[in-house]
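Colleague: Could you take a close look at the sheet in this model for me, and walk me through how the strands fit together and what sits around them?

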Amino acid sequence: MAPSSGKIIAIANQKGGVGKTTTAINLAAALAINGQQVLLIDADPQANATSGLGIDPGTSAQSIYQLLVDDTAAPADQVVPTQIERLALIPGHIDLVGAELELAGLEQREQRLKHALASLGTAYDVVLIDCSPSLGLITLNALVAADSVLVPVQCEYFALEGLGKLLNTIRIVQQGLNKALQVEGFLLTMYDSRLRLSNQVADEVRSHFESLVFQTMIPRNIKLSESPSYGLPVLLHDPESKGSLAYMALAQEVAAKLPAKA
Ligand SMILES: Nc1ncnc2c1ncn2[C@@H]1O[C@H](COP(=O)(O)OP(=O)(O)O)[C@@H](O)[C@H]1O
Ligand SMILES: [Mg+2]
């Protein structure tokens with residue numbers, strides 16, 4: 001095996017709107033500000049992580065599409081810098097919808113991302129993959145490439161609904177294509193301490209998944225929802241906001257579990 005490119009964490013939940021992309025952008029930025037070399041991979045055709053970092057997915061020549069389906073393109077050539085020091089991005093692309101189909105006909109179709117990332121070597125301490133709300137072939141590539149999965153869970157009705165399907169997929173991957181895959185943690189998002197429902201959901205998730213739930217909860221915070229329209233992580237848009245502080249705290253938790261730097 002080639003030396004791994006740091007710890008690879010897939011951010012996944014096939015439920016849409018639970019905070020995957022918000023977490024991908026802001027955890028990536030917080031880890032980079034903390035001093036880690038970070039690569040964020042936008043594996044969603046909607047490419048919200050890309051536009052949220054101020055990069056237009058429609059005009060970027062580099063993208064995960066090339067990374068997955070074009071054998072003539074070097075993976076390192078798909079990496080673009082961002083406005084944040086130490087944070088690099090492999091942009092998303094609308095053509096990813098087609099990539100699902102193109103991948104289906106390729107050899108080792110579940111391992112394409114894993115092999116591409118191996119060729120990036122040891123340039124990064126952490127690689128975060130923002131997955132789409134689907135359990136298709138691209139998300140499968142992410143789960144096969146990853147060391148662990150971070151699962152955002154929205155503090156809302158039916159929070160646990162659908163998690164069974166994701167956990168089942170993780171189990172199947174652990175039984176075959178990626179035996180070492182771990183759960184990084186469940187992250188409670190859009191938490192509102194004033195709402196009984198929010199607290200009920202948080203309690204339920206904690207009693208169900210116990211120590212696998214991050215201590216940090218991400219509060220519902222307007223700064224988090226408006227910062228993508230400025231093309232900035234919340235840490236640059238409003239560093240003092242509750243959203244910023246929460247993602248900095250989450251970054252500490254994630255960093256504490258990274259292997260020590262050589
Ligand atoms: N903690 C939060 N507080 C307020 N709004 C949030 C928060 N997290 C996410 N949002 C908003 O909720 C919507 C869905 O979040 P997003 O991260 O795109 O979810 P996903 O990637 O899972 O579909 C977006 O409009 C986002 O700005
Ligand atoms: Mg998303």
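Modeller: Let's start at Ala-43, whose bridge partner in S5 is Cys-131. That pair belongs to the match between strand S2 (residues 38-43) and strand S5 (residues 126-131), which run parallel and are joined by six bridges. Keep in mind that this is a predicted model.

Step back and you see an open sheet of seven strands, in the order S3-S4-S2-S5-S1-S6-S7, with mixed pairing. Strand S3 (80-81) and strand S7 (182-189) are the edge strands; each has a single partner, so one side of each has no neighbour in the sheet. As a reminder, strands of a sheet pair through backbone hydrogen bonds, in either the parallel or the antiparallel sense.

Now move along from S5 to S1. These two run parallel and share five bridges, and one spot to look at is Ile-9, which stands opposite Leu-128 in S5. On its other flank S1 meets S6, again in parallel, through three bridges. Ile-9 turns up here too, with Ser-148 as its bridge partner in S6. So which residues of S1 are buried on each face? On one side they are Lys-7, Ile-9 and Ile-11, and on the other Ile-8 and Ala-10. That makes five buried residues out of five for S1. The split fits the usual pattern: in a regular strand the side chains alternate between the two faces of the sheet.

Carry on to S6 and S7, a parallel pair with seven bridges. Leu-150 stands opposite Gly-185 in S7 there. S7 may be an edge strand, but six of its eight residues are buried, so the rest of the structure largely encloses it. Gln-182 is a part of S7 to check separately: it counts as partly exposed because it has 15 C-beta neighbours inside 10 Å, and the cut-off for buried is 20 or more. Beyond its neighbours within four places in sequence, Gln-182 is in contact with Asp-147 and Ser-148. The C-alpha atoms of Gln-182 and Ala-146 are separated by 8.6 Å, with their positions 36 residues apart along the chain.

What lies across the sheet? Helix H1 does: it lies across strand S1 (7-11), S2, strand S4 (87-90), S5, strand S6 (148-154) and S7, and runs at about 165° to S5. H1 also has a hand in the ligand site, giving the most to the shell around ligand 1, with three residues. Helix H1 (20-33) and helix H9 (222-226) each supply at least two residues of that shell. In total 16 residues surround ligand 1, and the closest are Gly-19, Lys-20, Thr-21, Thr-22 and Ser-225. By character, the shell divides into five nonpolar, nine polar and two charged residues.

Back at S2, follow the chain out into the loop that leads to helix H2 (48-52), where you find Gln-46. Gln-46 has 18 other C-beta atoms within 10 Å, which makes it partly exposed. Its C-alpha atom is 31 Å from that of Asn-199, 153 residues away along the chain. Ala-47 lies in that loop between S2 and H2 as well, but it counts as buried because it has 25 C-beta neighbours inside 10 Å. The backbone is worth a look here, since phi of Ala-47 is near 55°, a positive value in a residue other than glycine. For context, most residues other than glycine have a negative phi.

Gln-108 is another residue with a positive phi that isn't glycine, with a value near 50°. Gln-108 lies in the loop between H4 and H5, and it counts as exposed because it has 10 C-beta neighbours inside 10 Å.

That loop brings us to H4 itself. In helix H4 (residues 96-104), the buried residues include Leu-96, Ala-99 and Leu-103. Seen down the axis, the buried residues of H4 fall within an arc of 35°, so they line one face of the helix. On the other side of H4 you'll find Leu-101 and Ala-104 exposed. As for the cover over the buried residues of H4, it includes helix H3 (64-69), helix H5 (112-118) and helix H6 (137-145).

Technical notes:
Residues are numbered from 1 along each chain as its sequence is written. Chains are lettered from A and ligands numbered from 1 in the order in which they are written. This is a predicted model: local features need pLDDT of at least 70, side-chain atom pairs count only at pLDDT 80 or more; totals for chains, interfaces and linings use all residues. A residue is near a molecule or strand if its C-beta atom, placed from the backbone, lies within 6 Å of it. Helices (H or I, at least four residues) and strands (E, at least two) are DSSP runs, numbered from the N terminus. Ala, Val, Leu, Ile, Met, Phe, Trp, Tyr, Cys and Pro count as nonpolar, Asp, Glu, Lys and Arg as charged, and the others, Gly among them, as polar. Two strands pair if DSSP finds at least two bridges between them. Two residues are in contact if their C-beta atoms, placed from the backbone, lie within 7 Å. Axes are lines fitted to C-alpha atoms, for helices over the stretch in contact, and angles run from 0 to 180 degrees between N-to-C directions. A residue is buried if 20 or more other C-beta atoms lie within 10 Å of its own, exposed if 12 or fewer, and partly exposed in between; C-beta atoms are placed from the backbone. The arc is that of the directions from the helix axis to the C-beta atoms.
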